[in-house]
Amino acid sequence: MHELKLEDNPFFVLGIAADASRIEIEREAQKLLGMLELGFVDAQTYPTPLGPRPRTAELVRAAVAALRDPYRRLVAELWARHAPPAKPAEPPPPASTAGTPGLRDKLGWGR
Amino acid sequence: MDKPLYVGIDLGTTNSAAAVFDGEQVSVIRNAQGATVTPSVVRLDKQGRITVGTRARRFVEQDPANTAAEFKRLMGTEKAIEFPAAGITRKPEELSAEVLKALRQDIHDQLGVPIERAVISVPALFELPQSAATSEAARLAGFQRVELLQEPIASALAAGWRADDDGAGTWLVFDLGGGTFDASLLETRDGLLRVVGHDGDNFLGGRDFDWAITEHLASRLSVVPRRNNPDHQAALRALRLAAEDAKIELSRGEKAQVALAQPLSIDGQDVDVDLELTRGTVEQLCAPLVDRALDVCVRLLSAHGLAPGRVGKVVLVGGPTVMPMVRSRVAARLETQIAEGHDPMTLVAQGAALYAATAGLDGRAAQVAVPAGRQVWLQYPAVSADLTPHVVGKFVGDNPPAKIKLVRGDGAWSSPEATVGPDGTFLTSVTLLPRRACTFAIEARGAGGEVVNVTPPAITIVQGLTIGDPPLSRTLGVALANGHVQVYLERGAPLPARRTFTHHTVETVAKGSSESILRIPIVQGEMTQADLCRLVGTLDIGGDSIKDTVPTGSAVEVTIELDRGGRLAARALIPAIGQVFEHVAHLLVPDAAPEALDAALRDLRRQLMELRADAFRHGLGHVIEKLDRLEARMSEAERDIDAAHGGDADAAQRARRALLDIDGTMADADLAKKWPELDNEARRVAISASSTVGLHGTDAERSLLQEVLAAMDKARKEKDAAELERQMRLASRLSGAAFNRTPEAWELYFEDAASEISRCTDLPKANRLVTEGKAALDRGDTTELRRVVKALWALLPEDSEARRKAYDSGVR
Ligand SMILES: Nc1ncnc2c1ncn2[C@@H]1O[C@H](COP(=O)(O)OP(=O)(O)OP(=O)(O)O)[C@@H](O)[C@H]1O
Ligand SMILES: [Mg+2]
C-alpha cells in the first residue's frame with residue numbers, strides 16, 4: 001500500500017510521465033537499476049513535490065511491479081496527476097501502536 | 001565470442017528434466033538412455049552404490065525397500081529415508097541432490113562443459129522450508145549458484161516464447177503432475193508476461209489416478225488388499241505399478257492387460273492377477289479427479305472476473321495431460337483451444353532455461369578473464385522485450401576513454417557515439433532484432449581518437465518475452481503481542497525484497513537468564529489476525545545472548561529479506577545494546593505422527609459440526625456449501641491417515657497438509673459466520689471514512705476513497721471477507737491520514753491515552769509523560785504531543801491471551 005505515500009509514487013520514483021507506456025516503464029526501470037548498481041550519482045535521488053528523496057533498487061523494482069498491475073497503475077496515475085497537497089502530510093501512527101482502541105474505533109480506524 | 005548456456009531443471013516428484021537455452025534455441029537434454037525425462041528415483045544397494053533414474057525405477061518393484069521415489073513430497077521435513085541393505089539413511093534433499101547430480105552429469109556429457117549455475121523449478125505452493133531444502137539439494141549436487149522459479153511461471157514462459165502471434169492475451173497453464181495440480185492465469189502484452197493469479201491443489205495428480213485404478217483392480221481380485229493394512233502394502237505396491245503402466249498404455253491404446261508375473265501374496269494366499277482394463281474404465285475412474293482440477297480452474301477464472309470461454313488458450317503440462325480424456329474435458333469445460341506443439345513433459349525445464357537467461361545466470365563456470373584492455377562494468381538486460389534497451393557502463397580506474405560506441409554483430413547497426421563522463425560512466429542504448437540474440441562489440445576511443453581495447457569486448461542481448469521479478473505468493477509479516485500482524489511484504493511484492501520496521505519489546509529480557517526470551521514470530525497469510533496466519537519462522541533472542549538487560553519498551557529494528565526464490569532471512573537490531581541477531585529458526589515442516597493426525601481430524605470434525613449447526617441457524621447457504629466441500633476433503637484425509645497407519649510417510653505428510661488447509665478454510669468459514677458483524681463494521685468504516693476524508697482529505701485522497709468504497713461494495717456483494725477486511729484497512733488508513741492532519745487529532749489521542757494511564761506498565765514514567773503532554777498542549781506544540789502520545793501507547797500492556805495466539809510474540 002505504499003502508493004498511498006505521495007513521495008513514493010511509482011511515476012516519481014521512475015521519473016516518468018503518468019502516461020508512459022509499459023515498454024517505457026520497463027526501459028526506464030532497467031536503466032535506473034543499472035545506474036544504481038554502478039553508483040551513478042544522478043540516479044541516487046529523485047525529485048518529488050515534497051523535495052528530493054533517496055532512490056533505491058527496491059523502490060524502483062516495487063514501482064515497476066506496481067505499474068504492471070492495472071488497478072495499482074490506475075491509482076498511481078490518479079495520484080501523480082492530482083495537485084500535491086500544499087504541506088507535508090502526517091503519516092498515520094503505525095498499526096503496531098494500538099492501545100486506545102475505543103477512540104480509534106470512533107474515528108473509523110477499524111482494527 | 002562463444003554462446004552462453006542457460007540451464008533450467010525441472011526437479012519433479014515423479015520425473016525430472018533439464019534444458020539449455022543458448023540465446024536462440026532451447027534444447028532438451030537427453031540422459032544416458034537417450035530419454036528426455038529421468039525418473040526421480042534413487043536406489044542404494046548393499047555396497048552403498050547409488051543408481052538414479054530409469055535404472056533405479058526398475059527396482060521399485062523388485063526391491064522397494066532400497067529404492068526411494070516421490071521424496072520431493074518430503075522435502076523440508078526431517079524424515080530420514082532408510083536403505084536397509086546398505087544400513088544408511090538419507091534426507092530427502094540428499095536424494096534430490098542425487099537426481100540433480102545425474103542431470104548435471106548428463107548436461108556435461110551432452111555439452112562438454114561443466115555446469116555450475118542453474119534455475120530449478122519448484123511448485124507454486126512450496127512452503128519456505130521446502131524451498132530452502134531445494135537450494136540445499138542443489139548445493140549438495142555441486143551447483144555454485146541456483147535460482148528457484150515457480151513451475152507455472154516456467155511453463156508460461158516456455159509456451160509464450162514459442163507463441164508465433166506474440167501470445168498476446170489471457171491464457172491458462174494447466175499443470176497436472178504426479179502429485180500436484182497448479183492452475184495459473186497469465187497475460188502477455190508488449191512482450192511482457194504477467195502472472196495474473198494462480199490456484200491449485202497440492203494433493204491432486206497422476207498418483208491419485210493410479211490409486212483410483214488400483215482400488216478398482218483390487219476390488220476385482222479374489223482377496224481384496226486394503227490400504228490400512230501394513231501386511232498388504234507389498235501387494236498394493238505391485239498392483240499400483242501395474243495400474244500406472246496400464247494407465248500410460250491407455251493414453252494410446254484402447255485396451256490393456258494388467259498381468260503380474262508373480263501371484264500376489266495376500267493374507268497368506270496366492271492371488272493371481274490377470275485383468276483386462278479398457279480406456280473407458282480408466283476414464284470413468286479418473287474423470288472425477290479431472291473435474292476437481294477443472295473446478296479449481298473455474299474458481300481461478302471467476303476470482304479474476306472471467307467466465308470460461310474468455311481464456312485465449314490453455315497450455316497443458318504434466319504426464320496425465322497426455323491422456324486424450326484430459327485434453328477433451330479441459331477444452332470442453334473451459335470452452336477454449338488447447339495450445340498445440342508443446343511437450344508437456346519438458347515444458348517446465350525449457351521455461352526454467354529461458355528464465356536463466358532473463359536472470360543473466362550463465363551455467364558455465366565463471367571464466368577467469370585475463371583483462372586484455374580497459375575494464376568496464378556493464379549493466380544491461382540479458383533478455384529484453386524492449387527493442388531499444390539501455391546499456392549503462394562504468395570504466396574502472398582513472399583516465400577513462402572519451403567516447404564509446406556499440407556495433408551490432410551483423411554490421412547493419414551501430415549506436416551513436418556516447419560521451420564517457422570524467423568519472424568513467426556512460427549511458428547509451430542499442431537496437432535489437434526481434435526474437436534474436438544480438439551481439440554488440442564495444443568500441444572505445446581516447447581523447448585523441450585512438451582505439452582503446454576494452455574487457456569485455458562484446459555483450460549479447462536476447463530479444464523476447466520477459467517476465468518481471470517473481471511476485472511473493474503470500475503476505476509476510478511479524479506477529480505482534482496484541483494478536484495482530486505487522487505486514488512487511490504484501491502478496492505480489494516483487495522479489496527480492498527487503499523491509500525494516502521498528503517494534504518495541506513488551507517485557508524485559510534479563511541479561512543472562514536463559515528463561516527470558518524475546519520472540520519475534522514471522523508469519524505468512526492474508527489475515528490481519530496472527531493466529532489465522534501460518535508461522536514460518538521465529539527469531540528468538542535469549543537472555544543468555546544479550547550483552548545487557550533490555551527493558552520493556554526498548555526499540556527493536558527488524559529487517560525481513562526474501563531472495564528471488566523466496567528464501568527468508570531476518571535480522572533484529574536492538575539499538576539500546578548495539579547488538580544484531582540474525583539466527584532465524586527455519587521451521588521444519590513438522591513430523592506427522594498418525595496418532596496426532598487422528599486427533600487433529602477428530603478436532604476438525606467437531607469444529608465442522610459446530611460451524612454447520614451455526615450456519616443452518618443463520619441460514620448461510622454459501623457457508624454450508626463450503627463446509628460440504630470440507631467434509632469431502634476430510635474423508636480424503638482420513639484415507640491418507642489410514643495409509644499413514646500402514647506406514648506410508650508420504651500419505652502422512654499429505655494428510656498433515658490437507659488438515660492444515662482444511663483448518664485454514666475453516667477459519668475462513670468462521671469469518672463468514674461473523675459476516676453480519678463484519679458487514680456492519682464495513683458500513684461504519686465507510687461512513688466514518690467518507691466524512692473524515694470529505695472534511696480533511698486532499699483531492700487525491702477523496703478520489704482514492706471512491707475507489708476503495710467501490711471495492712468494498714464489490715467485496716460485500718461477493719461476501720469475500722478477506723477482501724473486505726483488506727479494503728476496510730485501506731479506507732481506515734485514508735481516513736487516518738486525513739484525520740491526523742488536523743490539530744485536534746493528537747489532542748484527542750492524548751486525552752484518551754491519559755485517561756488510561758492506570759493500566760500502564762511504568763506508572764511514574766506515564767505520569768511524567770502526561771505532565772509533558774499537558775505542557776505541549778498548552779504551548780500548541782503538536783510535534784511534542786505526538787511524541788508523548790506514542791510513548792504513552794507503548795506503555796499500555798497487551799492482553800496475554802492475544803499474545804499467546806500471536807505465537808508468544810514479544811514485540812509490538
Ligand atoms: N503418457 C501418459 N499418460 C498418462 N499419464 C502419464 C503419462 N506419462 C506419465 N504419466 C503420469 O504422469 C505422472 C507424472 O507426471 P509428471 O512427470 O508431469 O509429474 P512431476 O512433474 O514429476 O510431478 P510434480 O509436478 O507433481 O512434481 C505420473 O503419475 C505418471 O503416471
Ligand atoms: Mg511437474
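Two strands count as paired if DSSP finds at least two bridges between them. The exercises below apply this cut-off to a predicted model.

**Exercise 1.** Determine which strands of chain B pair with S32(B), and in which sense.

*Solution.*
1. Strand S32 (residues 476–479) of chain B is joined to strand S33 (residues 485–489) of chain B by 4 bridges. S32(B) is also joined to strand S35 (residues 517–524) of chain B, here by 3 bridges.
2. Both counts satisfy the cut-off of at least two bridges.
3. S32(B) runs antiparallel to S33(B), and S32(B) likewise runs antiparallel to S35(B).
4. Gly477(B) illustrates both pairings: Val487(B) stands opposite it in S33(B), while Val523(B) is its bridge partner in S35(B).

**Exercise 2.** State how many residues lie between S32(B) and S33(B) in their hairpin.

*Solution.* The hairpin has 5 residues between its two strands. In the turn, Gly483(B) has a positive phi of about 90°.

**Exercise 3.** Identify the edge strands of the open sheet S26-S23-S21-S29 of chain B, and explain why one side of each has no neighbour.

*Solution.*
1. The sheet is open, consists of 4 strands in the order given, and has mixed pairing.
2. Strand S26 (425–429) and strand S29 (454–455) of chain B each have a single partner strand, so they stand at the edges and one side of each lacks a neighbour in the sheet.
3. S26(B) pairs with strand S23 (residues 390–395) of chain B in the antiparallel sense, over 5 bridges. Within this pairing, Lys394(B) stands opposite Thr425(B).

**Exercise 4.** Name the helix that lies across S21, S23 and S26 of chain B.

*Solution.* The helix is H2 (residues 22–37) of chain A, which runs at about 10° to S23(B).

Definitions and conventions
Residues are numbered from 1 along each chain as its sequence is written. Chains are lettered from A and ligands numbered from 1 in the order in which they are written. This is a predicted model: local features need pLDDT of at least 70, side-chain atom pairs count only at pLDDT 80 or more; totals for chains, interfaces and linings use all residues. Side-chain values use heavy atoms; hydrogens and water are left out. Contact means heavy atoms within 4.5 Å. Axes are lines fitted to C-alpha atoms, for helices over the stretch in contact, and angles run from 0 to 180 degrees between N-to-C directions.
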